[in-house]
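Colleague: Please take a close look at one part of this model for me. I would like the open sheet, what packs on it, and what lies around it.

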Amino acid sequence: MSDADRTPVDPDQWHSFEGGRLSAMVSIAKAAGNHTLKYFQNDQLQVDAKTDDSPVTIADREAEQLARKLITEQFPDDTVQGEEFAEREGKSPYRWVIDPIDGTKSFVCGVPLYSTLLAIEKDEQPIAGVILIPALDEIVAAADGLGSWHRRGDSSWTKTQVSSKESLSEAVFLSSQFDSFDERGATASFKELERQCWITRTWGDGYGYLLIATGRAEVMVDPICNAWDVAAILPVVVESGGKFTDWKGNPTVRGGDGIGTNGRLHDAVRALLG
């Protein structure tokens with residue numbers, strides 16, 4: 001269905017779109033995210049190191065396996081890509097992209113700002129995404145042409161909207177881990193962005209982009225990221241009235257880095273990042 005045929009409606013009314021995939025996306029993300037709570041703030045949780053020294057736990061693996069199982073049962077012809085396991089190729093034009101725990105470092109420290117991310121791509125383009133914060137019972141779900149919607153607990157869905165701030169001096173600047181700027185040789189850019197923005201905080205990962213989408217922050221920058229880190233982010237930010245690109249300005253989730261803003265500040269941020 002084309003954008004012209006769509007009217008923004010909340011996720012409870014998404015059953016007829018994309019063959020039921022949009023409503024399934026929300027329920028599958030919630031199932032996977034809620035599974036992580038079984039292990040959250042558990043002193044017995046074992047943390048392993050991946051080949052890049054980033055942490056991974058049984059919660060990451062089980063949550064992704066659950067999401068994969070639910071997707072495959074309902075949409076067996078769709079491709080499934082995730083952070084922890086190999087891509088399963090399908091025959092349809094749809095690809096699901098899973099990050100079971102975005103912010104595993106926060107998760108293992110018992111910080112409730114980690115997220116479960118789930119996205120749907122069609123013909124290689126992200127068309128829908130969910131950011132779920134399981135420990136806060138907070139969710140944003142977005143779909144191309146249908147809007148971006150926020151919900152806490154069992155409250156009603158409310159349409160999200162980025163902030164209207166037009167100056168970096170008013171902006172909240174977020175990033176997941178500041179030494180990532182050093183790793184890509186962008187330390188000076190980070191320092192200048194920090195200097196020009198109002199405040200800088202590490203409310204990062206998927207939670208940082210949720211803050212952009214709901215108008216509580218203006219700038220979120222990932223110096224280094226994978227597709228599963230941001231596939232859900234692009235539709236959420238764009239449908240909230242903001243902008244998401246890689247550092248070169250391309251609206252892609254596979255550029256290796258990412259910038260999410262309220263749109264009004266995007267060019268200024270990109271200029272500072274060089």
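Modeller: What follows goes from the sheet to its helices, then to the pocket and a neighbouring set of strands.

This is a predicted model. Start with the open sheet. It has 5 strands in the order 11-10-12-14-13, and the pairing is mixed. Strand 11 (199–201) and strand 13 (243–245) stand at the edges. Each has a single partner strand, so one side of each is left without a neighbour in the sheet. Direction ignored, neighbouring strands are turned by 15° against each other on average.

Now the pair formed by strand 10 and strand 12. Strand 10 covers residues 172–174 and strand 12 covers residues 219–222; they pair in the parallel sense over 2 bridges. Phe173 has Val219 of strand 12 as its bridge partner.

Two helices pack on this sheet. Helix 5 (residues 187–196) touches strand 10, strand 11 and strand 12. Its direction makes about 155° with that of strand 10. Helix 6 (residues 205–213) touches strand 10, strand 12, strand 13 and strand 14 (258–261). The direction of helix 6 makes about 150° with that of strand 12.

Look at helix 6 in detail. With a cut-off of under 20% relative accessible area for buried, 9 of its 9 residues are buried, so helix 6 is largely enclosed by the rest of the structure. The buried residues include Asp205, Tyr207, Tyr209, Leu210, Leu211 and Ile212. Gly206, Gly208 and Ala213 are buried too. Gly215 follows the helix, with a positive phi near 80°.

Helix 6 also takes us to the largest pocket. That pocket holds about 970 Å³ of space. It is lined by 35 residues, and the closest to its centre are Ser54, Lys105, Gln177, Asp205 and Ile224. Asp205 is also one of the buried residues of helix 6. Helix 6 supplies at least two residues of the lining. So do strand 4 (94–102), helix 3 (104–108), helix 4 (179–183) and helix 7 (227–230). By class, the lining has 11 nonpolar, 12 polar and 12 charged residues.

Back to helix 5. It packs with helix 9 (residues 266–273) at an angle of about 145°, and the axes are 8 Å apart. From helix 5 come Ser189, Glu192, Leu193 and Gln196; they meet Val269, Leu272 and Leu273 in helix 9. The residues of this contact divide into 4 nonpolar, 2 polar and 1 charged.

Last, the strands around strand 7. Strand 7 spans residues 138–143, and 6 of its 6 residues are buried, so the strand is largely enclosed by the rest of the structure. Both of its faces are covered. Glu138, Val140 and Ala142 are buried on one side, and Ile139, Ala141 and Ala143 on the other.

Strand 7 runs antiparallel to strand 6 (residues 125–133), joined by 6 bridges. Here Ala128 has Ala143 of strand 7 as its bridge partner. The hairpin of strand 6 and strand 7 has 4 residues between the strands, and Asp137 takes a positive phi near 50°. Strand 7 also runs antiparallel to strand 8 (residues 147–152), again with 6 bridges. Val140 has His150 of strand 8 as its bridge partner. The hairpin of strand 7 and strand 8 has 3 residues between them. In that turn, Gly145 has a positive phi of about 80°.

How values were computed: Residues are numbered from 1 along each chain as its sequence is written. This is a predicted model: local features need pLDDT of at least 70, side-chain atom pairs count only at pLDDT 80 or more; totals for chains, interfaces and linings use all residues. Side-chain values use heavy atoms; hydrogens and water are left out. Two strands pair if DSSP finds at least two bridges between them. Axes are lines fitted to C-alpha atoms, for helices over the stretch in contact, and angles run from 0 to 180 degrees between N-to-C directions. Contact means heavy atoms within 4.5 Å. Buried means under 20% relative accessible area, exposed over 50%, partly exposed in between (1.4 Å probe, protein chains only). On a 1 Å grid over the protein atoms alone, a cavity is a set of points where a 1.4 Å probe fits but cannot get out, and a pocket is an open set with protein on both sides within 12 Å along at least five of seven lines; lining residues have an atom within 4 Å of a point. Grid points are joined across faces, edges and corners, and a volume is the space filled by probe spheres set on the points. Ala, Val, Leu, Ile, Met, Phe, Trp, Tyr, Cys and Pro count as nonpolar, Asp, Glu, Lys and Arg as charged, and the others, Gly among them, as polar.
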